[in-house]
Amino acid sequence: MKIGLHVPCYINELNPEIARKTLLILRHFKLDVKIPTNQTCCGQPFINSGQPTTLPQQFNEIFKEFDYIVSPSSSCTSTIRSQNLEVSNKMFELCEFLHDILRIEGIAKNHPKKIALHNSCHSLRHLLEGAPSELNIPYFNKVKKVLGGEIREAKRDECCGFGGIFSMKEGFMSYVMGRNKLDDLISTGAEVITGVDFSCLMHLKSIAQKDGDNIEIKHVSEIIYESVFGDTK
């Protein structure tokens with residue numbers, strides 16, 4: 001099984017530790033993982049803005065040799081899945097890959113902190129890693145199964161307000177949505193908030209820091225890494 005690790009642009013620039021920990025998690029399961037050094041953006045910012053781009057086609061050429069492509073981002077994963085590419089069905093978000101392909105469950109059940117899961121829109125509504133409330137279908141959540149233990153969730157599975165360009169064009173509305181989501185997650189009594197999309201978590205963390213909320217916010221790869229390797233610093 002040849003695995004290509006996709007490193008999202010914003011993670012590469014702002015928190016490359018997430019990519020490193022994702023790599024170490026995959027290698028922990030004895031997988032042959034490579035990081036193509038010539039990889040580039042999946043094209044999400046252009047596609048979401050209705051602009052023409054050849055980036056998905058470039059992505060396809062770079063990753064087509066792999067059996068699976070794993071990304072620590074559901075938004076990048078859903079972008080590639082939405083395109084008619086050779087690699088579209090090979091692309092998986094990290095927790096989705098652990099759940100669907102490796103059949104891993106309960107990997108963080110002994111994590112020492114109380115965890116709340118932010119279900120991002122792309123994870124919930126594009127990849128169906130959980131059951132969106134508006135579909136009125138039986139409840140399930142792949143990310144919670146992978147993590148295991150008592151994982152808390154917000155009362156409402158609404159958008160956190162990031163939305164990429166939306167947060168720049170509608171800053172006040174984005175803040176209000178993020179504040180509401182943060183209040184909902186904090187009300188669970190959790191000590192740390194996690195999720196599969198660093199972009200959403202970055203948005204929530206900036207609001208928490210600005211408003212003085214005493215809550216940790218970590219990407220799901222960090223929670224899994226701490227559980228597997230015993231490093232909770």
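Here are five exercises with worked solutions on a predicted model of a single chain.

## Exercise 1: The overall build

Work out how the radius of gyration of the chain relates to that of a compact globule.

**Solution.**
Step 1. Begin with the inventory: the chain has twelve helices and eight strands.
Step 2. For 233 residues, a compact globule would have a radius of gyration near 17 Å, and the chain has 17 Å, so the two agree.
Step 3. Add the outline. Along the principal axes, the C-alpha atoms fill a box of roughly 45 × 40 × 35 Å.
Step 4. Turn to burial and surface. Of the 233 residues, 52% count as buried. The accessible surface comes to about 11,200 Å², and carbon and sulfur atoms own 51% of that.
Step 5. Finally, look at contacts. Among those with a separation of 6 or more, 69% are between residues 24 or more positions apart.

## Exercise 2: Helix H12 and its cover

Find out which residues of H12 are buried and what covers them.

**Solution.**
Step 1. Locate the helix: H12 spans residues 220–229.
Step 2. Apply the cut-off: a residue is buried when its relative accessible area is under 20%. Val220, Ser221, Glu222, Ile223, Ile224, Tyr225 and Glu226 pass this test in H12.
Step 3. Draw the conclusion. Seven of the ten residues are buried, so the helix is largely enclosed by the rest of the structure.
Step 4. Name the cover. It includes the helices H2 (16–28), H6 (94–100) and H8, together with the strands S5 (115–117), S7 (192–195) and S8 (216–219).
Step 5. Look just past the end of H12, where Gly230 takes a positive phi of about 70°.

## Exercise 3: The nonpolar cores

Which residues have the most contacts inside the largest nonpolar core, and what does Leu147 touch?

**Solution.**
Step 1. Take the largest core, which has 45 residues; Leu26, Phe59, Leu147 and Ile224 have the most contacts inside it.
Step 2. Ask where its members come from. Helix H2 supplies the largest share, five residues.
Step 3. Select Leu147 and set aside its neighbours within four places in sequence. Its remaining contacts are Gly106, Ile107, Ala108, Lys109, Thr194, Val220, Ile223 and Ile224.
Step 4. Connect this to Exercise 2: Val220, Ile223 and Ile224 are among the buried residues of H12.
Step 5. Note a second, separate core of 14 residues, with Ala116, Cys160, Ala190 and Ile193 among them.

## Exercise 4: Salt bridges around Glu216 and Lys210

Identify the partners of Glu216 and the network that holds Lys210.

**Solution.**
Step 1. Recall the principle: side chains of opposite charge can pair when their charged atoms come close.
Step 2. Start from the total, which is 20 salt bridges in the structure.
Step 3. Pair Glu216 with Lys113, whose closest N and O atoms are 2.3 Å apart. This pair links distant parts of the chain, with Glu216 in strand S8 and Lys113 in the loop between H6 and S5, 103 residues apart.
Step 4. Check accessibility here. Glu216 is partly exposed at 29%, and Lys113 is also partly exposed at 29%.
Step 5. Add the other partner: Glu216 also bridges to Lys218, with a closest N and O distance of 3.5 Å. Lys218 is buried, at 10% relative accessible area.
Step 6. Move on to Lys210, which pairs with Asp211 at 3.8 Å between the closest N and O atoms. Lys210 is exposed at 64%, while Asp211 is partly exposed at 30%.
Step 7. Widen the view: Arg179, Asp183, Lys210, Asp211 and Asp213 are linked in a network of salt bridges.

## Exercise 5: The loop between H7 and H8

Which residues form the nonpolar surface patch, and where do Leu128 and Phe140 sit?

**Solution.**
Step 1. List the patch: Leu128, Leu135, Ile137 and Phe140 share about 310 Å² of accessible area.
Step 2. Place two of its members. Phe140 is in the loop between H7 (121–126) and H8 (142–147), and Leu128 is in the loop between H7 and H8 as well.
Step 3. Read their accessibility. Phe140 is partly exposed at 30%, and Leu128 is partly exposed at 37%.
Step 4. Examine the backbone. Leu128 has phi near 55°, a positive value in a residue other than glycine.
Step 5. Compare Asn136, which lies in the loop between H7 and H8. Its phi is likewise near 55°, and Asn136 counts as exposed at 70% relative accessibility.

Definitions and conventions: Residues numbered from 1 in each chain as written. Predicted model: local features only at pLDDT ≥ 70, side-chain atom pairs only at ≥ 80, totals over all residues. Heavy atoms only, no water. Patch = residues over 30% accessible without salt bridge, like charges linked within 9 Å, V, L, I, M, F, W, Y side chains within 5 Å. Areas by Shrake-Rupley, 256 points an atom, 1.4 Å probe, with all protein chains shown as cover. Salt bridge = Lys/Arg side-chain N within 4 Å of Asp/Glu carboxyl O. Helix = DSSP H or I, 4+ residues; strand = E, 2+ residues; numbered from the N terminus. Buried < 20%, exposed > 50% of the residue type's maximum accessible area, 1.4 Å probe, protein only. Contact = heavy atoms within 4.5 Å. Core = buried A, V, L, I, M, F, W, Y, C linked by side-chain atoms within 4.5 Å. Rg over C-alpha atoms; globule rule 2.2 N^0.38 Å.
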